[in-house]
Structure formats: structure tokens, C-alpha cells
Amino acid sequence: MATAAPPAASRIAVVTGASSGIGAATARQLAAAGYRVVLTARRKDRIEALAEEIGRAGHQATAYALDVTDRAAVDEFATAFKTIGVLVNNAGGALGADPVATGDPADWRQMYETNVIGTLNLTQALLPQLIASGDGTVVVVSSTAGHGTYEGGGGYVAAKHGAHVLAETLRLEIVGQPVRVIEIAPGMVKTDEFALTRFGGDEDKAAKVYQGVAEPLTADDVAETITWAVTRPAHVNVDLLVLRPRAQASNTKVHREA
Ligand code: 8X3
């Protein structure tokens with residue numbers, strides 16, 4: 001017999017990077033699944049609007065402006081909770097697609113800060129509350145870039161490999177504690193901001209990422225997958241789930257229609 005997880009209604013789910021894309025979609029879906037969702041991101045106006053929207057839909061959400069790379073702010077945030085059911089480490093992103101030979105070290109550093117240190121900060125700060133819940137779940141939203149490289153992937157691929165290793169190592173180290181560690185690794189996902197941010201706001205370059213691809217994944221596709229993994233019975237740990245659109249067979253093999 002599976003051990004049922006405590007009812008979601010009594011449980012808090014913290015989502016980082018909740019101001020747009022996968023984070024916002026995940027916040028909506030976890031709220032719909034009954035979690036009290038805490039939305040965090042730097043852009044306060046966006047997460048406040050989303051918290052209101054979730055509230056109007058009859059679910060529970062609060063917004064907390066937070067930069068995941070600011071450890072003092074993260075530690076302060078952590079004091080607001082006694083127990084937490086779920087932490088979704090989603091904040092991150094890519095900057096640039098330059099070859100290793102010419103990539104900007106500042107971009108590499110920033111990607112490591114957001115994708116790895118940000119995840120480390122939240123996970124370290126909230127682990128006691130996740131353990132105290134008696135059935136905690138840490139989700140790391142990595143990427144297929146955390147599992148193989150591609151030309152121009154550079155600093156993003158390096159950072160996402162770091163996020164993957166963080167998840168894998170944490171799972172080893174806390175085995176025996178009532179906390180699952182789930183890694184979700186999406187491939188090509190078309191969101192409003194990912195490619196635009198990567199290419200410094202260049203819309204043409206951003207559009208080319210998805211050019212001719214029949215159906216890239218959506219933020220909702222990934223959010224559904226995260227919500228599914230989180231809502232498995234407490235003893236079921238989805239270690240790693242890689243998802244891609246059907247048109248993408250690997251990081252470098254994508255079917256594009258003419
Ligand atoms: C996004 C996937 O292919 O842009 O995490 O690296 S990719």
C-alpha cells in the first residue's frame with residue numbers, strides 16, 4: 001500500500017522564478033492541485049498580479065519578491081516558514097550562445113549564480129522546513145542542457161550540468177530523510193522570455209530558435225510534468241524526467257519544417 005502524502009491543502013509550495021514561463025505555469029498548476037503557493041521572483045509587480053489571479057480562481061497564493069542569488073534575503077525569506085511541502089527551484093536562464101572561445105566570462109558567472117547558486121541558496125535555507133514537513137519535495141528544473149552539450153551552449157550547458165549534479169548529490173546525501181529530490185529536464189520550450197533573454201532582446205535571433213518546429217513544448221507542458229511528479233505518493237521519487245517536443249530528438253537534432 002502506498003503511503004498517502006499529507007493533504008496538499010495544508011501544504012506550502014515555494015516556486016522560484018514565478019514571474020513568467022515555466023515558473024508561473026507551475027505556480028498556477030500547483031495551486032490548482034491544492035497547494036498554498038508562494039511565488040518568488042525579482043519582479044514584484046508580476047508575482048503580485050499572478051497571486052491575485054490565482055486567488056480569483058479560488059486558490060491560495062502569496063507573492064514574495066526575492067533574488068535567489070542574494071543569500072541574506074533568502075535566509076530572511078526562510079524565517080517565514082515552519083514547514084514547507086515543496087520547493088520548486090525554477091529560477092535561472094541562459095545568457096548568450098557564443099562559442100567557448102569568445103563567450104563573455106561575466107555571462108558564464110551570472111548563469112552559474114542564478115542556475116546553481118540560486119538553487120543552492122533556496123535548497124540550503126529551506127531544507128530544515130522541508131524535513132520538518134515529514135514529506136518534503138525539492139524539484140530542480142534543470143534542462144536537457146544539463147545532460148549533453150551543443151555548440152554555443154557554453155556557459156548555460158556548464159551551469160545546467162551544475163544544477164543536475166546538485167540534485168543528484170543532494171539525493172544521495174539526504175537519503176533516509178523524508179525529502180524527495182526530483183529533477184525535471186526540459187528540452188525546447190517556447191516561452192515569452194527564455195530565448196529573448198538569451199539573445200539580449202534580439203527578437204529575430206530568438207524567433208530562429210523555434211523556426212519551423214511544429215510544436216515546441218509550452219510552459220504548461222512542463223508545469224504539468226512537474227505537478228505530476230510532485231503529486232506521486234510520498235515513497236515515489238521521480239529522480240529525473242527528460243522531456244522534449246516530438247520534433248526534437250536530441251540537443252542538436254531538431255526537425256524543422258520548411
Ligand atoms: C533550454 C534547452 O536547448 O535551449 O533549457 O539548452 S536549450
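Which residues does the UniProt annotation "domain: Ketoreductase" cover? Here are some friendly notes to read beside the structure, which is a predicted model.

1. **The annotated domain.** According to the unreviewed UniProt entry, the annotation "domain: Ketoreductase" covers residues 11-192. Over that stretch, the chain is 45% helix and 19% strand. If you find its two end C-alpha atoms, you will see that they are 30 Å apart.

2. **The sheet.** Try tracing the strands in the order β3-β2-β1-β4-β5-β6-β7: these seven form an open sheet with parallel pairing. At the edges are β3 (61-65) and β7 (240-243), each of which pairs on one side only. From one strand to the next, the twist averages 15°.

3. **One strand pair up close.** A good place to zoom in is β1 (residues 12-16), which pairs with β4 (residues 86-89) in the parallel sense over three bridges. Within this pair, look for alanine 13, which stands opposite valine 86 in β4.

4. **Who surrounds the ligand.** The residues around the ligand are Ser143, Ala145, Tyr150, Tyr156, Gly187, Phe194 and Arg198. Sorted by class, this shell has four nonpolar, two polar and one charged residues.

5. **Polar contacts to the ligand.** Serine 143 has a side-chain N or O atom 2.6 Å from an oxygen atom of the ligand. For tyrosine 156, a polar side-chain atom also lies 2.6 Å from a ligand oxygen. In arginine 198, an N or O atom of the side chain is 3.5 Å from an oxygen atom of the ligand. On its own the ligand has 250 Å² of accessible area, and the protein covers 84% of that.

Technical notes
Residues are numbered from 1 along each chain as its sequence is written. This is a predicted model: local features need pLDDT of at least 70, side-chain atom pairs count only at pLDDT 80 or more; totals for chains, interfaces and linings use all residues. Side-chain values use heavy atoms; hydrogens and water are left out. A residue is near a molecule or strand if one of its heavy atoms lies within 4 Å of it. A polar contact is a pair of N or O atoms within 3.5 Å; within protein, one must be able to donate a hydrogen and the other to accept it, and residues adjacent in sequence count only if both atoms are side-chain atoms. Accessible areas come from the Shrake-Rupley method with a 1.4 Å probe; for residues, only the protein chains shown count as cover. Ala, Val, Leu, Ile, Met, Phe, Trp, Tyr, Cys and Pro count as nonpolar, Asp, Glu, Lys and Arg as charged, and the others, Gly among them, as polar. UniProt positions are given in the numbering used here, feature names are shortened, and annotations may be inferred rather than shown by experiment. Helices (H or I, at least four residues) and strands (E, at least two) are DSSP runs, numbered from the N terminus. Two strands pair if DSSP finds at least two bridges between them. Axes are lines fitted to C-alpha atoms, for helices over the stretch in contact, and angles run from 0 to 180 degrees between N-to-C directions.
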